[in-house]
Amino acid sequence: IFAVLFLVVFSYFSISVNPVFENGLYASMLLAMALDVYFVLFSRKSVRKAPISKSIEIEPSKPFANLLKLRDTVFSGLSDHVMIVDKHVNSASLQNLYRLLSENASVKKIDILTYPEAFDSSFNRNFVDFKKELGNKGVEVNLLIMSDSDAASQHERFVFDSVNAFKIPPLNIINEKSEHVTRIKLSDAKSRFGELSKGAMKYENFLLKKARSNGESESKQSNNARHRYHHFTL
């Protein structure tokens, strides 16, 4: 505002100023604007990077309050590309994750690394709805299935973006299990996610593989049945 007013005065009035002083004024205005931009960006980054100082305690007797606390202090600070590792994702996990992230307009992509052992009978339908609804809000959702060996060695659950990384309880009981949500090293989270994703497959490919395997199994059972019937008739 000061710079604009200064330029307006100089453009409407004929003012004689020493060239050195005039150049100094322009330099001062540019420096002031540069510092202003820097402090605004720095303050925003600082707020994003400090949702919690040490840890958040989850109290089993307060599941609703816990969910609000996690949303406001942890998940609201995540943005852009959010990555999650939790090998026990099920329908309840999707419900909690939707509550924690659906109001965060800064999130544009979510990658979830999990394992199918916890999938319930309605998981596929719920995931399709979950992905579609977030997709309507401009959020891309990818579900990745980690390999058997990686799943056997992965016990911790964590969530991170380009700035923050947190160790979390299982998503299906994230607001009910007596545990602490704590910060972890971002580099460690990125490294581990990269290792697990190398041997993982997309959920859609997992379904195709499962369908193909079931088809082959049914075909084998049918052939065995025909063979037994043929043997019996002989």
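Helix α7 (residues 186–198) lies across the strands β2 (80–85), β3 (107–114), β5 and β6, and runs at about 110° to β5. The model in which this arrangement appears is a predicted one. The sheet beneath this description is a convenient place to continue, and the helix pairs follow from there.

Eight strands make up an open sheet, and their order across it is β1-β7-β6-β5-β2-β3-β4-β8, with mixed pairing. The edges are occupied by β1 (55–57) and β8 (201–202); each has a single partner strand, so one side of each is left without a neighbour in the sheet. As a general matter, strands of a sheet pair through backbone hydrogen bonds, in either a parallel or an antiparallel manner.

The part of the sheet from β1 to β5 can be followed strand by strand. At the edge, β1 is joined to strand β7 (residues 180–183) by three bridges, and the two run antiparallel. Within this pairing, Glu57 stands opposite His180 of β7. Strand β7 is in turn joined to β6 by two bridges, again with the strands antiparallel. Two residues of β6 can be placed against β7: Phe166 stands opposite Arg183, and Lys167 stands opposite Thr182.

On the next step along the order, four bridges join strand β5 (residues 157–160) to strand β6 (residues 165–168), and these strands also run antiparallel. A hairpin of four residues connects β5 to β6. The bridge partner of Phe160 is Ala165 in β6, while Arg157 stands opposite Ile168 in β6. Both β5 and β6 are among the strands across which helix α7 lies.

The helices provide the second part of the picture, and α4 takes part in both of the packings described here. The axes of helix α3 (residues 63–73) and helix α4 (residues 91–101) come within 9 Å and cross at roughly 50°. An angle between 35 and 65 degrees falls outside the roughly parallel and roughly perpendicular ranges, and α3 and α4 are therefore oblique to each other. Their crossing is right-handed. The contact is made by Leu67, Leu70 and Arg71 on the α3 side and by Asn96, Arg99 and Leu100 on the α4 side. Sorted by class, this contact of α3 with α4 holds three nonpolar, one polar and two charged residues.

Helix α4 also packs against α5, at an angle of about 20° and with the axes 9 Å apart. Because angles under 35 degrees count as roughly parallel, α4 is roughly parallel to α5. The crossing of α4 past α5 is left-handed. From α4, the contact involves Ser91, Leu94, Leu97 and Tyr98; from α5, it involves Phe123, Asn126, Phe127, Phe130, Glu133 and Leu134. By class, the contact of α4 with α5 has seven nonpolar, two polar and one charged residues.

Aromatic side chains supply a further set of links. The count comes to nine aromatic pairs, under the rule that ring centres lie within 6.5 Å. One of the pairs is formed by Phe119 and Phe206, whose ring centres are 6.4 Å apart and whose planes stand at 80°, so the pair is edge-to-face. This pair links distant parts of the chain, since Phe119 belongs to the loop between β3 and α5 (123–136), whereas Phe206 belongs to helix α8 (residues 203–233), 87 residues apart.

Methods
Residues numbered from 1 in each chain as written. Predicted model: local features only at pLDDT ≥ 70, side-chain atom pairs only at ≥ 80, totals over all residues. Heavy atoms only, no water. Axes fitted to C-alpha atoms, helices over the stretch in contact; angles between N-to-C directions. Parallel < 35°, antiparallel > 145°, perpendicular 65-115°, else oblique. Left-handed = near helix turned anticlockwise from the far one by under 90°. Contact = heavy atoms within 4.5 Å. Nonpolar A, V, L, I, M, F, W, Y, C, P; charged D, E, K, R; others polar. Pairing = 2+ DSSP bridges. Phe/Tyr/Trp six-rings, centres within 6.5 Å; stacked < 30°, edge-to-face > 60°.
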